[in-house]
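Me: I am new to this structure and should like to understand the reasons behind the terms applied to it. May I put some questions to you?

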Amino acid sequence: MDKTRLKNLSISELESFITSVIGEQKFRARQIFKWIYQKRLSDFSEMTNMPKTLRAVLAEHASIDKLEPRRILESSENDAVKFGFELIDSSHIAESVLLIDGDRRTVCVSSQLGCGLGCAFCETAKLGFIRNLTLEEIIGQVIGINDYLHNRGDRLVTNIVFMGMGEALSNFDNFLSSLSIIMHEDAFNIGARRITVSTAGVIPSIEKLMRENLTIGLAISLNAWNDELRNQYMPVNKKYPIKDLVAIAKKYHDQTGRRVTFEYVLINGITDSGEAANALEKLLGGFPCKINLIPINPVNTGKIGGTFKSPSDRQVEKFAENLHDRGLSATIRKSRGQDIMGACGQLALYEAS
Ligand code: SF4
């Protein structure tokens, strides 16, 4: 008999498993939630607030295995750690990155193996789409990183960003179920304000998210200042052009009150020109949003990625000043973890070079 994998269940699904399959009372589900997400147990026998007979029945019918990290790479500056987690029934790994900044412990989680959206500057895109990660595989990354933090006596994960491998909104059901666990008071208890999902701009998925009435942060990978350029770098733009993307971002802001972030990769001579700043002002002027400027990371393989160059630090600062002068809120994002290939657009199953 196949055992039920409890980390693939939402709290309501776990409650019905406990009542209908195990024949126990519903409140046991919350106890189990606490054990597997807060105490991070992987053995029912250690659940000491439950009768021994119940623990034995659970062990017979259910499993609470953990994803094992196959490798952990710590950056030399101690501000980023990249993890490669083993997956269920797969030879692939899911990559996640822990970013350490003051009191903040942010986990960048993966939601798909590979990605089908084909953005030109992204290492993950080169893998193509392999499959969606299961709920357990998404949540397992957070559990594994909390184990790592706990073992070094550090505080646990405070923030989650869905910016790892894949487009989380294209794995919508598992993404949504993972949020219900991340936010649950008996699990990770991380509030909506400390969660962000990044998207390449699949508008129907953003509309779907809006129907859920959550107030998580939304980050849109813009990366270009006109459709011609964006079509080249992000094929998704051919279906959902910039004007429509900005329109839905405004609706998202109106509905949630949250300032939308636009991720904007700076590529020397391509996205950092005066013309680009002009176009961004026209697009985003007067809209209370944030622009994250991300000097493109060096990528170690691939003919498309290899041809892009990052602007100098001075050029990056000049571009940011140019945007500020136009009344736009732009921040230069410090790229943590470059030496472990854990920075934006670098997650693709590679070892550090
Ligand atoms: S940038 Fe994001 S959406 Fe684009 S290919 Fe990479 S993982 Fe997919």
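Me: How far apart do the C-alpha centres of domain 1 and domain 2 lie?

Reply: In this predicted model, the C-alpha centres of the two domains are separated by 34 Å. Domain 1 covers residues 4–63, and domain 2 covers 69–340, according to the domain assignment.

Me: What makes domain 1 and domain 2 count as being in contact?

Reply: Contact requires heavy atoms within 4.5 Å. Residues of both domains satisfy this, with 13 from domain 1 and 17 from domain 2.

Me: What is the area buried between domain 1 and domain 2?

Reply: The buried area is about 1400 Å², and carbon and sulfur atoms give 54% of it. On the side of domain 1, Lys7, Tyr37 and Arg40 supply 43% of the area buried against domain 2, more than any other three residues.

Me: Why is the pair Arg30 and Glu185 called a salt bridge?

Reply: The term requires a side-chain nitrogen of Lys or Arg within 4 Å of a carboxyl oxygen of Asp or Glu. The N to O distance for Arg30 and Glu185 is 3.3 Å, and the pair therefore meets the limit of 4 Å. Across the interface of domain 1 and domain 2, the rule finds 5 salt bridges. Helix α2 (residues 27–38) gives the most to the side of domain 1 that touches domain 2, namely 6 residues.

Me: How do you know that Glu136 and Arg5 form a salt bridge, and what does the pair tie together?

Reply: Their closest N and O atoms are 2.7 Å apart, which is therefore within the 4 Å cut-off. Because Glu136 belongs to helix α4 (residues 135–151) and Arg5 to strand β1 (residues 4–5), the pair ties together parts 131 residues apart in sequence. The whole structure has 19 salt bridges.

Me: Which residues surround the ligand, and how do they divide by class?

Reply: The ligand is surrounded by Cys115, Leu117, Gly118, Cys119, Cys122, Ala125, Gly166, Glu167 and Ala200. This shell divides into 6 nonpolar, 2 polar and 1 charged residues.

Terms used: Residues are numbered from 1 along each chain as its sequence is written. This is a predicted model: local features need pLDDT of at least 70, side-chain atom pairs count only at pLDDT 80 or more; totals for chains, interfaces and linings use all residues. Side-chain values use heavy atoms; hydrogens and water are left out. Domain bounds come from an automatic or database domain assignment. Buried area is the accessible area (1.4 Å probe) that two parts lose on being put together, summed over both. Helices (H or I, at least four residues) and strands (E, at least two) are DSSP runs, numbered from the N terminus. A residue is near a molecule or strand if one of its heavy atoms lies within 4 Å of it. Ala, Val, Leu, Ile, Met, Phe, Trp, Tyr, Cys and Pro count as nonpolar, Asp, Glu, Lys and Arg as charged, and the others, Gly among them, as polar.
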